[in-house]
Amino acid sequence: MPTGKRKIHSIQFLRFVAATLVVLFHAHLALSKELLASGADKNQLYLFGFGAVGVHIFFVISGYIMVLTNSQTSRAFDAKRFFRKRIIRIYPIYWLLAALYILVNTAIGSGYDFSPYTLISALLLLPDNAPLIIGPAWTLSYEMYFYLMFGIAMIFGLLRGIFLLSAFFFLAMAYGVIAGPENESLAMATNSLLIEFLFGVWIAYITGRNRLPKWLGYISLLLSAMLFAGGLLVGYESLPSAIIWGIPSAFLILGVVILEHYYQPAFVEKLSPLGDSSYTLYLAHILIITLLVLILKALSITLIPILLLTAIFTIIAIVLSHQFHLKVEAPMTSKLNTWFGS
C-alpha cells in the first residue's frame, strides 16, 4: 500500500480542476445576475451549472486521500494525530478567510446579522450554519463528519475499519431515505452524498493493493465522460446528485489513478501544484468575485462579453488563491503542525 508520503499528480490536478469548475460556475452566475440587464442566458446558466460537479469530485478525492495517507503498515493508526492534522488543515485557514469575508462584506454594506450561536456554529462548521459566512463551506460540514467517522473506523484497522465505515454509512443513508430527517445535522449524517466518500475510500484501497490494467483505466474514463454527458442531457435534478454526479466522479478518479501507473501527461504534472491551493481557491473565490464585480461596476465596464469576463475572473481567482496559499496558508499550516506535534 502507498505510504503517506506519496503524492499522485493526477489527483492533485483533479483537485485543481474541481475547484476551478466551482469558480467558473459562481463567476458566471454572479456576472449574469449583476451585469445583464435583460437577464441571464438560460442555456449558459445550465451549462455553467455543471461546475457544481466539482464538489462531488472533491468528496470522492477526500475518501481516496484519507486512505492513501493513513495506510502505512510501519506504524499503528494514531487517532489523536489524525484528528489534530485534520483540524489544523481545515479550521485555521477557514477562520482567517471567514474574518476577511466579514470585514469586506461589512465594509461594502453587505454585512451579516449574527447571533452568538449562529456565529459560533458557522465558525465550527456545524451543519445548520456552516454556509452563513462562506457559502460553499456547507461542504466542509460533510468533510469534517467524514473525517470524524473515518478516524474512529481506522482505530479498528484499515480493512476492518473500511468495512465498518461502509456498513455504518449505508445504514445511515438507508435511514435518511426512510425517515427523511429535517434536523440539519441528522440530515447531513444520513445524506446519500456520503457514498461519494466511500467511492474514494474503496478506490484507494483496491488500487493500492493491485496494479489494475491500463484498459480498465481507459474504460473508467470513458464511462465517466459518458455519464457526465448523460447527466447534462437528462437534467441535474432528474436523479440524486450522488448518482448523477457522484458515480461519474468515482469513475473519473478510478481512471486517472490507474493510468498514472502507465502514463502521465506533461500538463498534468505541471499543473498539479495548483491542487495544493485548491482549498484556498474554493473558500476565497466568492469574495474575489464579489470584489471584481464591484470594480467592474465602479468602472462602468459593460461591453466585455460575459464568457470572457468569466474566464478572466476565474484566472484572477486562481492566481490570487495560489499566492495566498504559498505566502499564508502553507507556512501557517506547517508552523501549526510543528507547534502541535502533528
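Select helix α14, residues 278-298, in this predicted model. At 1.5 Å a residue, its 21 residues should span 30 Å, and the C-alpha atoms at the two ends are 29 Å apart, so the expected and computed lengths agree. Now centre the view on Ala284, where α14 has a kink of about 50°. Beyond the helix, pick Ser300, which follows α14 and has a positive phi, near 55°. Most residues other than glycine have a negative phi.

Stay on α14 and show the side chain of Lys297, then add Glu34. These two side chains form a salt bridge, with N and O 2.5 Å apart. Glu34 belongs to helix α1 (residues 9-35) and Lys297 to α14, so the pair ties together parts of the chain that are 263 residues apart in sequence. How exposed is Glu34? Its relative accessibility is 42%, so Glu34 counts as partly exposed. Lys297, also at 42% relative accessibility, counts as partly exposed.

A search of the whole structure gives 2 salt bridges. For another pair, select Glu329 and Arg89, whose closest N and O atoms are 2.7 Å apart in a salt bridge. This pair links distant parts of the chain: Glu329 sits in helix α15 (residues 306-339) and Arg89 in helix α4 (residues 79-107), 240 residues apart. Are Glu329 and Arg89 buried or exposed? Both are buried.

Next, go to Glu196 in helix α9, which covers residues 194-209. Glu196 is buried yet has no salt bridge. Which side chain of opposite charge is nearest to Glu196? That side chain is Arg15, 15 Å away. A salt bridge requires a side-chain nitrogen of Lys or Arg within 4 Å of a carboxyl oxygen, so a partner at this distance does not qualify. To see what does surround Glu196, display His56, Phe59, Val60, Ser241, Ala242 and Gly246; Glu196 is in contact with these residues, leaving aside neighbours within four places in sequence.

Select Leu125 now. Where does Leu125 lie? It is in the loop between α5 (116-123) and α6 (138-154). Leu125 is not a glycine, but its phi is positive, about 65°. With a relative accessible area of 4%, Leu125 is buried, since the cut-off for buried is under 20%.

The last single residue to select is Val268, in helix α13 (residues 266-271). Its relative accessible area is 6%, so Val268 is buried. Show His9, Ser10 and Phe13 with it: Val268 touches these three, not counting residues up to four places away in sequence. For a distance to check in the viewer, take Val268 and Arg211. They are 57 residues apart in sequence, and their C-alpha atoms are 21 Å apart in space.

Finally, zoom out to the whole protein. Colouring by secondary structure will show 15 helices and 0 strands. The C-alpha trace spans about 60 × 45 × 45 Å along its principal axes. For 342 residues, a compact globule would have a radius of gyration near 20 Å; the protein has 20 Å, which agrees. Buried residues make up 47% of the 342 residues. Among contacts with a separation of 6 or more, 81% are between residues 24 or more positions apart.

Definitions and conventions. Residues numbered from 1 in each chain as written. Predicted model: local features only at pLDDT ≥ 70, side-chain atom pairs only at ≥ 80, totals over all residues. Heavy atoms only, no water. Helix = DSSP H or I, 4+ residues; strand = E, 2+ residues; numbered from the N terminus. Expected span 1.5 Å × (residues − 1). Bend = angle between axes of the 7 residues up to and from the residue. Buried < 20%, exposed > 50% of the residue type's maximum accessible area, 1.4 Å probe, protein only. Lys, Arg positive; Asp, Glu negative; His and termini not counted. Contact = heavy atoms within 4.5 Å. Rg over C-alpha atoms; globule rule 2.2 N^0.38 Å.
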